[in-house]
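I opened this structure to look up three things for the bench notes. They are the strand pairing, one pocket and the ligand site.

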Amino acid sequence: MPFTLMPSYDDNPRLRDLVARLRTYLDGELADYESGLGLTRESRYTRADLEPVWQRSRELGFYGIHLPAEYGGQGLSFTELAALKEEIGASPRILATSVLGDMGGPLRVGSIFEYATPFQLEKYLLPVLRGERACCFSLTEQDAGSDVRGILTTATPDGAGWRLNGHKVFSSAGPFADFSVLIARMADASGTPIDSYSAFLVDLDAPGCTVAEGDLPMSGEHIEADIILSDCYVGPEQLLGESGQGLRIGLGRVTVNRLLHCPTALGGARRALELSVGHAKSRMVNGAPLGMLQSIQHRLADMATDYYAARAMTYDALAALDAGQRPRVEAFMCKLFVAEKAFGIADDAVQIHGKAGVVRGGEIEALFQRLRMFRILTGSSEIQRNGIARQLLLT
Ligand SMILES: Cc1cc2nc3c(=O)[nH]c(=O)nc-3n(C[C@H](O)[C@H](O)[C@H](O)COP(=O)(O)OP(=O)(O)OC[C@H]3O[C@@H](n4cnc5c(N)ncnc54)[C@H](O)[C@@H]3O)c2cc1C
């Protein structure tokens, strides 16, 4: 894999064209749309602002592009999808994560397709693929993040279905979603929790379900919601997979996601490096470009080397996924390495940019915040290390 700041994929003409078209869309039409709305990263944009992006991205073939043709996609391989996700991660567009469907769309649905009944496909999942409905994923609670078994949201039997009670936090895309793929702990008839977890498709406008404004992450984006359940009834047709499979469904989704999140972070790291190289060439200090200083040159060299290493291992693991293997330990390694190195690159970019790197609302600041959060979401770096060590010690 050659090192480049602008991958062109000449060995794969279909991908080369897709990437070129995606760059054109992000920098042209989507940029114009955002400036027409006057969007900033901290804007409270609405569902009505997002829907045209879902629809246009679908018209252009990007929304759900990874899916098989029967679902309106182009059946991309994981490595091909990753190349597009890199472009999303490298883009300064605020709504970039709505183009392939990361934010409430087909990519958020992820691998749960395999568990869906015909009814669930028709009512929940296919409308998401068509850009008509949106979903979020709700596992985390205030007192249970990494410790997923510690969740307190319960599902108590009620007739053929269940009553849900609990409070989910940090459900990304929750403010725009119609339903949540929500993981709850099963309870016995008296409401006492047992050691069994299930996944439910929960309509967010159902009686007993409230979507509240979530905590504001450091990125300043209003994309998180709390989902509060108070005797919210879910019928048997809303149970995803079998009862007791909830963590498998929730975390299985996280395992593939773990790898698929890496290219987005790599795109951010690439953009931070590209901006830093540009700044080093144009910023004058003591009458010469900043990049003439060896300390800056070495910093750039280390950033580029880390980016290249992180990218190479990610594509290696993605190629294994494409070959039908299950690169479990490699996925832990990629998430750990990419998260740590991408954040290191963003931190170096701030340093190279000096005061320009810390200006609120600037692109470098946005990359720094986003890549810092990546060390926590989809499993923190410590949880990835636990996974790697477990594998080493068990085999
Ligand atoms: C921007 C953002 C978006 C998110 N989106 C979603 C979403 O859409 N849906 C959803 O359900 N959740 C979401 N989350 C939640 C995310 O998955 C959790 O934040 C993450 O799992 C960590 O949990 P926690 O924040 O409760 O930290 P904690 O679990 O309390 O961990 C705190 C610290 O302790 C460390 N730690 C915890 N347990 C261990 C251990 N066993 N060994 C070693 N170290 C440990 C952690 O690594 C961390 O450093 C999101 C979070 C963020 C920041």
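The entries below follow that order.

**Entry 1: strands**

I noted at the start that this is a predicted model.

I began with strand β2, residues 154-158, and followed its pairing with β3. The two strands run antiparallel and are joined by five bridges. They form a hairpin, with two residues between them. In that turn I found G159 with a positive phi of about 60°. I also looked up the partner of D158, and it stands opposite G161 in β3.

Next I asked how many bridges join β3 to β7. I found eight between β3 (residues 161-172) and β7 (residues 224-234), and these strands run antiparallel. I checked two positions along this pair. L164 has C232 in β7 as its bridge partner. S171 stands opposite A225, also in β7.

β7 has a further pairing, with strand β6, residues 209-213. I recorded five bridges there, in the antiparallel sense. The residue I looked up in β6 was C209, and its bridge partner in β7 is L229.

I wrote down one reminder for reading side chains off the strands: in a regular strand they alternate between the two faces of the sheet.

**Entry 2: the second largest pocket**

I then turned to the second largest pocket, which holds about 760 Å³ of space. I listed the residues closest to its centre, out of 36 that line it: F78, G110, S111, V256 and L260. The elements that give two or more residues to this lining are α3 (78-90), α4 (106-109), α6 (246-282) and α8 (328-353).

Which element gives the most to the lining? I found that it is α6, with 10 residues. By class, I recorded 18 nonpolar, 10 polar and eight charged residues in the lining.

**Entry 3: the ligand**

Last, I looked at the surroundings of the ligand. I found 18 residues around the ligand, and T140, S146, F170, S380 and E382 come nearest. By class, the shell divides into seven nonpolar, eight polar and three charged residues.

I looked up three polar contacts:

- The side chain of T140 has an N or O atom 2.7 Å from a nitrogen atom of the ligand.
- L139 places a backbone N or O atom 2.9 Å from an oxygen atom of the ligand.
- The side chain of R108 has an N or O atom 3.3 Å from an oxygen atom of the ligand.

I then checked how much of the ligand is covered. Taken alone, the ligand exposes 970 Å², and the protein buries 62% of that. The elements that give two or more residues to the shell are β1 (135-138), β3 and α10 (381-394). I noted β3 again here, as the strand that also pairs with β2 and with β7.

Conventions:
Residues are numbered from 1 along each chain as its sequence is written. This is a predicted model: local features need pLDDT of at least 70, side-chain atom pairs count only at pLDDT 80 or more; totals for chains, interfaces and linings use all residues. Side-chain values use heavy atoms; hydrogens and water are left out. Two strands pair if DSSP finds at least two bridges between them. Helices (H or I, at least four residues) and strands (E, at least two) are DSSP runs, numbered from the N terminus. On a 1 Å grid over the protein atoms alone, a cavity is a set of points where a 1.4 Å probe fits but cannot get out, and a pocket is an open set with protein on both sides within 12 Å along at least five of seven lines; lining residues have an atom within 4 Å of a point. Grid points are joined across faces, edges and corners, and a volume is the space filled by probe spheres set on the points. Ala, Val, Leu, Ile, Met, Phe, Trp, Tyr, Cys and Pro count as nonpolar, Asp, Glu, Lys and Arg as charged, and the others, Gly among them, as polar. A residue is near a molecule or strand if one of its heavy atoms lies within 4 Å of it. A polar contact is a pair of N or O atoms within 3.5 Å; within protein, one must be able to donate a hydrogen and the other to accept it, and residues adjacent in sequence count only if both atoms are side-chain atoms. Accessible areas come from the Shrake-Rupley method with a 1.4 Å probe; for residues, only the protein chains shown count as cover.
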